[in-house]
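Trainee: Could you walk me through the aromatic rings in this one, and the strands they sit on? I'd like a close look rather than a tour.

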Amino acid sequence: LRLGALEDLGSVEYRFLGDPNHPDLVWVPAERAGGRNFIRPNFGVYGNSDGDVEVALGLQIVSRWLNPYGAQWRNNLQLGYQLGLTTSFYQPLNLAQRYFVEPRLLWQRAVQFLYSNGNRIAEFKSIDLGGQIDLGAALGHNGQIRLGYWNEDRRLQVTTGIPLSESGVRDAGPTATILYDSRNEGAFATRGTAAEIDYVRSDDSMGANRNWQYLEGG
């Protein structure tokens, strides 16, 4: 069951060899016919009560088993009302993949609006460029904990409306994530539970020019 649950394998056969009275059980796993790389498209629609409708197209490209420890190169591209590109390299630190490190780079551009008393007074573009590095550990078969550092620069460009008081900010600081996921499928699961707690902090002592923090869970 554990071998069959791996996305890397297309099938798992077995054979009994040797002495019929005391045979040897031999597993014969076969890799996926599509190879070790994954391409997953996705589509999203956002709407609100004002009648605004936004569309997002996404593409995830993952190259797996780049070395004997099971390294992965993960890329996400998003097009639509929000443009973005994220690339990361997931590197396990032991064969059991109990511990890992994952550096990440991102670029993102989005259109945002500024409101005052319910009235839209400005439209601007935000351009984010930054990176993050996480150290993590697996918690059993379904859990994971990550501790990291992130540094991100945001530039603001007004397209219509009043000028903004700040044209750019830099956020940097520690992050922490605890994840639990026992679902049988990533989408349309019929059993299992998924839960996550995230903590993010921006601190001027770690490279930021403003201080804030948040804790959220779901």
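Mentor: Sure, let's start with a charge over a ring: the charged end of Arg-32 sits over the ring of Phe-38, 4.2 Å from its centre. To count, NZ of Lys or CZ of Arg has to be within 6 Å of the ring centre and within 35 degrees of the ring normal. Arg-120 does likewise with Phe-113, lying over the ring face at 3.7 Å from the centre.

Some ground rules before we go on. This is a predicted model, where local features need pLDDT of at least 70, side-chain atom pairs count only at pLDDT 80 or more, and totals for chains, interfaces and linings use all residues. Residues are numbered from 1 along each chain as its sequence is written, and side-chain values use heavy atoms, with hydrogens and water left out.

Now the ring pairs: the structure holds five aromatic pairs. Rings of Phe, Tyr and Trp (its six-membered ring) pair if their centres lie within 6.5 Å; planes under 30 degrees apart are stacked, over 60 edge-to-face, and the rest tilted. Tyr-14 and Trp-27 have ring centres 5.8 Å apart and planes at 65°, so they are edge-to-face. Since Tyr-14 lies in strand E1 (residues 9-17) and Trp-27 in strand E2 (residues 24-31), the pair ties together parts 13 residues apart in sequence. Strands here are DSSP runs of E, at least two residues long, numbered from the N terminus. Trp-27 is partly exposed, at 48% relative accessible area; buried means under 20%, exposed over 50%, and partly exposed in between (1.4 Å probe, protein chains only). Ring pairs also bring in Phe-16, making a cluster of Tyr-14, Phe-16 and Trp-27.

Tyr-90 and Phe-100 form a tilted pair, 5.1 Å centre to centre with 45° between the planes. That one links Tyr-90 in strand E6 (residues 82-92) to Phe-100 in strand E7 (residues 99-116), 10 residues apart. Tyr-90 is buried at 8%, and Phe-100 is buried too, at 2%.

E6 and E7 belong to an open sheet of 10 strands, in the order E3-E4-E5-E6-E7-E8-E9-E10-E11-E12, with antiparallel pairing. Two strands pair if DSSP finds at least two bridges between them. The edges are E3 (37-47) and E12 (212-217), each pairing on one side only. Further along, E10 (residues 168-181) and E11 (residues 194-202) pair in the antiparallel sense over seven bridges, and Asp-181 has Ala-194 in E11 as its bridge partner.

Definitions and conventions. Helices (H or I, at least four residues) and strands (E, at least two) are DSSP runs, numbered from the N terminus.
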